[in-house]
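Let's take a walk through this one together. Keep the model open and turn it as you read.

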Amino acid sequence: MLGKKICLVLGHLLMLYATWLVFSGALAQARNQPACGSAGDRGSMAFVYGTGVVFAVFAAVLLLRDLWRILTGSSRRPTW
């Protein structure tokens, strides 16, 4: 059981690192290209890269919540 918990924690930490890479890369691209238009519709590419930032934030929140549940042993499920 301890080995399973260690593997889960390590896996979540690696996913959080990957999420950080997505966040920082998408944010850098959005900042670098605020006025550059896409080839097809001349829309701002910052919007496209901004979706990566939004995804990374929500993914990090979910991963941190799951990591907290793993570390505290809480397995409460929502009662919808």
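What follows goes from the overall fold to the two helices, and then to a few individual residues.

Keep in mind that this is a predicted model. The chain has 80 residues, and 20% of them are buried. As for secondary structure, you'll find two helices and zero strands. The accessible surface adds up to about 6300 Å², with carbon and sulfur atoms accounting for 70% of that area. If you look at contacts with a separation of 6 or more, 62% of them join residues that sit 24 or more positions apart.

Start with helix α1, which takes in residues 2–32. A quick sanity check on its geometry works out nicely: with 31 residues at 1.5 Å a residue, α1 should span 45 Å, and the C-alpha atoms at its ends are indeed 45 Å apart. Helix α2 runs over residues 45–72, and the same kind of check applies: its 28 residues should span 40 Å, and its end C-alpha atoms are 41 Å apart, which agrees. Once you get just past the end of α2, have a look at G73, where phi turns positive, at about 80°.

Now, which residues does each helix bury? In α1 the buried ones are V9, H12, L16, T19, A26 and A30, and part of what covers them is α2. In α2 the set is M45, A46, G52, V53, A56, A59, L63, L67 and I70, and here α1 is among the elements doing the covering. So each helix helps to cover the buried residues of its partner, α2 for α1 and α1 for α2.

Zoom in on L16 to see this at the level of side chains. This leucine sits in helix α1 and has a relative accessible area of 18%; it counts as buried because the cut-off is under 20%. Setting aside neighbours within four places in sequence, L16 is in contact with A60, L63, L64 and L67. Of these, L63 and L67 are also on the list of buried residues in α2. You can also follow the backbone here: L16 and V61 are 45 residues apart along the chain, with 9.5 Å between their C-alpha atoms.

Next, try H12, another residue of helix α1. Is this histidine buried or exposed? Its relative accessibility is 9%, so H12 counts as buried. With neighbours within four places in sequence left out, its contacts are L63, D66, L67 and I70. L63 and L67 turn up again here, having already appeared among the contacts of L16.

One of those contacts of H12, D66, has another partner worth a look. The side chains of D66 and R65 meet in a salt bridge, at 3.3 Å from N to O. A search of the whole structure finds one salt bridge. Both residues are partly exposed: D66 has a relative accessible area of 27%, and R65 has 39%.

Two more backbone pairs are handy to pick out. V57, in helix α2, lies 38 residues from T19 in sequence but 8.1 Å from it in space, C-alpha to C-alpha. V57 is partly exposed, with a relative accessible area of 40%, while T19 is on the buried list for α1. The other pair is Q29 and G50, which are 21 residues apart in sequence and 8.6 Å apart in space, again C-alpha to C-alpha. Q29 belongs to helix α1 and, at 29% relative accessibility, counts as partly exposed.

What about aromatics? The structure holds one aromatic pair. The rings of W20 and F23 have centres 5.6 Å apart and planes at 35°, so the pair is tilted. Both residues lie in helix α1, three residues apart, which is about one turn of the helix. F23 itself is partly exposed, at 22% relative accessibility.

Finish on the outside. L2, I6, L10 and L13 form a nonpolar patch on the surface, and together they have about 390 Å² of accessible area. L10, one of the four, is in helix α1.

Terms used. Residues are numbered from 1 along each chain as its sequence is written. Side-chain values use heavy atoms; hydrogens and water are left out. Patches are made of residues with over 30% relative accessible area and no salt bridge: like charges are joined within 9 Å, nonpolar side chains (Val, Leu, Ile, Met, Phe, Trp, Tyr) within 5 Å. Accessible areas come from the Shrake-Rupley method with a 1.4 Å probe; for residues, only the protein chains shown count as cover. A salt bridge is a side-chain nitrogen of Lys or Arg within 4 Å of a carboxyl oxygen of Asp or Glu. Buried means under 20% relative accessible area, exposed over 50%, partly exposed in between (1.4 Å probe, protein chains only). Contact means heavy atoms within 4.5 Å. The expected span of a helix is 1.5 Å times one less than its number of residues. Rings of Phe, Tyr and Trp (its six-membered ring) pair if their centres lie within 6.5 Å; planes under 30 degrees apart count as stacked, over 60 as edge-to-face and the rest as tilted.
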